[in-house]
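Me: I'm new to this one. Can we go through how the labels are earned, one at a time?

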Amino acid sequence: MNIRLAEINDYPFLKENDKHIRKDEIKSLIYQHRILLLELDDEIIGWLRWSLFWDNTPFMNMLYILDGHRSQGLGKKLVEFWENQIKQDGYNMVMTSSLSDEQAQHFYRKLGYVDSGSLLLPGEALEIIFTKHFK
């Protein structure tokens, strides 16, 4: 298993597989070093994409592990790698969110994330906002 920053030559994979973001934003985030890739046997099997909430708080926008590789602790390792990077960069808190009808909410709570608010958009399930503070 290897975790690394996405590079521009990873763009075709991300463009094909990350369906939750505009394609032109993918390149921007690659250049900003805000996409981590998870590889197994030199094959990309997952990614973590993040940005800054309020321009000052790291916010995990997307954590995705491809089918066939889930429930093996790989997502946890990717999140922990990201958190360690964030701590080294001097941040003392991170954020993320999950819809209330998704299993991800339980995953984040197990990793020490705390419910910190919510957002309700018309026609969607409640979006739960999570925070995690570092010591």
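Me: Which residue stands opposite Leu48 in E4?
Reply: In this predicted model, Leu63 of E4 is the one that stands opposite Leu48. On the E2 side, Leu48 in E3 stands opposite Leu36.

Me: What makes E3 and E4 count as paired strands?
Reply: Pairing takes at least two bridges between two strands. Eight bridges join E3 to E4, so the pair qualifies. E3 and E4 run antiparallel.

Me: How do you know that E2 and E3 pair?
Reply: Apply that cut-off of at least two bridges again. E2 and E3 have six bridges, in the antiparallel sense, so they count as a pair.

Me: What do the turns of those hairpins look like?
Reply: Between E2 and E3 there are two residues, and Asp41 takes a positive phi near 55°. The hairpin of E3 and E4 has three residues between the strands, with Trp54 in the turn at a positive phi of about 55°.

Me: Why are E1 and E6 called edge strands?
Reply: Strand E1 (2-5) and strand E6 (114-119) each pair on one side only. The order is E1-E2-E3-E4-E5-E7-E6, in an open sheet of seven strands with mixed pairing. From one strand to the next, the twist averages 30°.

Me: What makes E7 a partner of E6?
Reply: Five bridges join E6 to strand E7 (residues 127-133), and at least two are needed, so this is a pair. E6 and E7 run antiparallel. For one bridge, Val114 has Thr131 in E7 as its partner.

Me: How do you know that helix H3 packs on the sheet?
Reply: Helix H3 (residues 74-88) touches E1, E2, E3, E4, E5 and E7. A touch here means heavy atoms within 4.5 Å. The direction of H3 makes about 160° with that of E4.

Me: What makes the largest pocket a pocket and not a cavity?
Reply: A pocket is an open set of points, whereas in a cavity the 1.4 Å probe cannot get out. About 870 Å³ of space lies in the largest pocket. Of the 29 residues that line the largest pocket, the closest to its centre are Met62, Leu63, Tyr64, Ala104 and Tyr108.

Me: Which element gives the largest share of that lining?
Reply: That's E4, with six residues. H3, E5 and helix H4 (104-110) also give two or more residues each.

Me: How many residues of each class are in the lining?
Reply: The lining has 11 nonpolar, 11 polar and seven charged residues.

How values were computed: Residues numbered from 1 in each chain as written. Predicted model: local features only at pLDDT ≥ 70, side-chain atom pairs only at ≥ 80, totals over all residues. Heavy atoms only, no water. Helix = DSSP H or I, 4+ residues; strand = E, 2+ residues; numbered from the N terminus. Axes fitted to C-alpha atoms, helices over the stretch in contact; angles between N-to-C directions. 1 Å grid on protein atoms, 1.4 Å probe; cavity = no way out; pocket = protein on both sides within 12 Å on 5 of 7 lines; lining within 4 Å. Points joined across faces, edges and corners; volume = space filled by probe spheres on them. Nonpolar A, V, L, I, M, F, W, Y, C, P; charged D, E, K, R; others polar.
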